[in-house]
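Let's take a walk through a protein model, one stop at a time. Keep the structure open while you read, and find each residue as it comes up.

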Amino acid sequence: MEFRNLKKQYEVLKPDIDAKIQAVCASAHYISGPEVQELEHQLAEYVGVKHCITCANGTDAISLALKAWGIGEGDAVFVPDFTFFSSGECPACEGAACIFVDVDERTYNIDPARLEEAIIKVKTEGKYVPKVVVTVDLFGQPADYDAVKPICEKYGLLLLEDGAQGFGGSIGNKMVCSFGDISTTSFFPAKPLGCYGDGGAIFTDCDEWACLIRSYAVHGKNADDKYDNVRLGMNSRLDTIQAAILQVKLNAFKEYELDNVNKVAGWYTEKLSDSGLLLPYIKEGYRSSWAQYTVQLPEEADRTAVQAKLKEHHIPSMIYYMKPMHIQGAFAGTDSAIADCPVTERLCRTVLSLPLHPYMTKEDVEFVAAKLKEALDSKKK
Ligand SMILES: *Cc1c(COP(=O)(O)O)cnc(C)c1O
């Protein structure tokens, strides 16, 4: 069994994807070909924002947003403690201080009450100026924007939505990557919408920021002259081949993949309801894109042994994430290492992510659920 069956997906989409790749090869517009612009329009329309700027990966997307805002030394950026490293790596690379905030134990997303406490604390201490809140739509579920947005407004902070795992998710009719003042996503192959290499995108309604991001993404170029470099930027573009692949995959994603993966997640929830595990909790009115199906084992369970048992049955499982951000070695000795995040620390000890993808059958889910329950029972004795 595959954790995320990308081979199966390719089998299904192969005729269209192969044709698209060949067309790009024949056109020789390998960088910034017409497919890139077409895709940007399609993505912006799907998400419901004015501008989409594609780039080389989801990490660059975050960095480009922060550069457009001029975030740097002396600024405080609030980041959930339970996330992939990029969410905090990028603000720190710009010179800002990452303030790690604990998450909600059921949704895995930033805890609004802890966020407000952290903002007040930073303001009171006066060492850094609060500037940005990074929300992560972890495992596919949008963060609690109903609570986070008013906090950003109250304290005059910019909201950066890291939608790398949430693309396709929504709250009511509003799509992921439309919640931030700037929002970002990743097209890393295993993400909800992935390409065949690295890729990313940035979304915003603001003309000025969109223009700045386009400049930063291409060596700080002037708006109309590529060889007039008016600021220090980066080289961060989405390849034309990746854009062409994404055009095919976006159609499948919209037409059935997102629905299918929600169905698969529903089967897990049904089959594991009597397992004693804490199952993913999706808030009322929220829709997840199910980047992961992540359960919580009881504290006393031996997670390593459970994973080994599953592996005996060729069932892969993963731990997202092993380490709270504030404990990562890269932050050792900095103010970012000082954080009070007991929920994240517990989650890092208890979470387990199960195989999940839109092409999974009900039989697959039943098999994983049965073997997982067996593994938990055998470990009780
Ligand atoms: C994957 C991921 C990123 C980074 O995306 P890349 O395309 O791999 O650079 C950033 N944030 C989160 C939450 C992610 O899961």
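## Helix α3, from start to finish

At the start of α3, Asn57 points a side-chain oxygen towards the backbone nitrogen of Thr59, reaching to within 3.0 Å of it. Keep in mind that this is a predicted model, so each distance here is computed from predicted atoms. The helix covers residues 58-68, and because nine of its eleven residues are buried, α3 is largely enclosed by the rest of the structure.

Which residues of α3 are the buried ones? They are Gly58, Asp60, Ala61, Ile62, Ser63, Leu64, Ala65, Leu66 and Ala68. After the helix comes Gly70, with a positive phi near 70°.

## Helix α4 and its cover

Now look at α4, which spans residues 86-93. Its buried residues are Ser86, Ser87, Gly88, Cys90 and Pro91. What covers them? The cover includes helix α3, along with the strands β2 (75-80), β3 (97-101), β4 (129-136) and β5 (158-162). Just after α4 you'll meet Gly95, which takes a positive phi of about 100°.

## The nonpolar cores

Here's a general idea to carry along: in soluble globular proteins, nonpolar side chains tend to be buried together. In this model, the largest nonpolar core has 111 residues. The ones with the most contacts inside that core are Phe78, Phe82, Phe167, Tyr268, Leu272 and Tyr293. Helix α8 gives this core its largest share, ten residues. Apart from it lies another core, made of five residues, including Ile17, Ile245, Val248 and Ala252.

Let's zoom in on Tyr293. Leaving out residues up to four places away in sequence, Tyr293 touches Ala265, Tyr268, Thr269, Leu272, Leu279, Pro280, Leu352, Ser353, Leu354 and Leu356.

## Three cavities

How many cavities of 30 Å³ or more does the structure hold? There are three. The largest has about 110 Å³ of space, and 14 residues line it. Of these, Arg4, Leu6, Gln9, Pro192 and Glu257 lie nearest the centre. Helices α1 (6-27) and α8 (240-271) each supply at least two residues of that lining. Sorted by class, the lining has six nonpolar, four polar and four charged residues.

The second largest cavity has about 80 Å³ of space. It is lined by 14 residues, with Tyr108, Leu138, Phe139, Pro280 and Ile282 nearest its centre. Its lining has seven nonpolar, six polar and one charged residues. Pro280 may ring a bell, as Tyr293 touches it.

## Unusual backbone spots

Before the next stop, here's a rule of thumb: most residues other than glycine have a negative phi, and most peptide bonds are trans. Cys177 has a positive phi, near 80°. You'll find Cys177 in the loop between β7 (174-175) and β8 (182-186). Is Cys177 buried or exposed? Its relative accessibility is 0%, so Cys177 counts as buried.

Trp290 also has a positive phi, near 50°. Trp290 sits in the loop between β12 (286-287) and β13 (293-296). Because its relative accessibility is 7%, Trp290 counts as buried. As for peptide bonds, a cis one joins Tyr320 and Tyr321, with omega at about 5°. Tyr321 is in the loop between α9 (303-312) and α10 (342-350).

## Two more loop residues

Ser317 is found in the loop between α9 and α10. Its relative accessible area is 12%, and since buried means under 20%, Ser317 is buried. The side chain of Ser317 makes a polar contact of 2.9 Å with that of Gln307. Not counting residues up to four places away in sequence, Ser317 touches Phe3, Gln307, Leu310, Leu352 and Ser353. Two of those names, Leu352 and Ser353, are also among the residues that Tyr293 touches.

The last stop is Gly276, in the loop between α8 and β12. Is Gly276 buried or exposed? Gly276 has 63% relative accessibility, so it counts as exposed. Gly276 and Lys373 are 97 residues apart along the chain, with their C-alpha atoms separated by 8.8 Å.

Definitions and conventions:
Residues are numbered from 1 along each chain as its sequence is written. Side-chain values use heavy atoms; hydrogens and water are left out. On a 1 Å grid over the protein atoms alone, a cavity is a set of points where a 1.4 Å probe fits but cannot get out, and a pocket is an open set with protein on both sides within 12 Å along at least five of seven lines; lining residues have an atom within 4 Å of a point. Grid points are joined across faces, edges and corners, and a volume is the space filled by probe spheres set on the points. Helices (H or I, at least four residues) and strands (E, at least two) are DSSP runs, numbered from the N terminus. Ala, Val, Leu, Ile, Met, Phe, Trp, Tyr, Cys and Pro count as nonpolar, Asp, Glu, Lys and Arg as charged, and the others, Gly among them, as polar. Buried means under 20% relative accessible area, exposed over 50%, partly exposed in between (1.4 Å probe, protein chains only). A polar contact is a pair of N or O atoms within 3.5 Å; within protein, one must be able to donate a hydrogen and the other to accept it, and residues adjacent in sequence count only if both atoms are side-chain atoms. A nonpolar core is a set of buried Ala, Val, Leu, Ile, Met, Phe, Trp, Tyr and Cys residues joined through side-chain atoms within 4.5 Å. Contact means heavy atoms within 4.5 Å.
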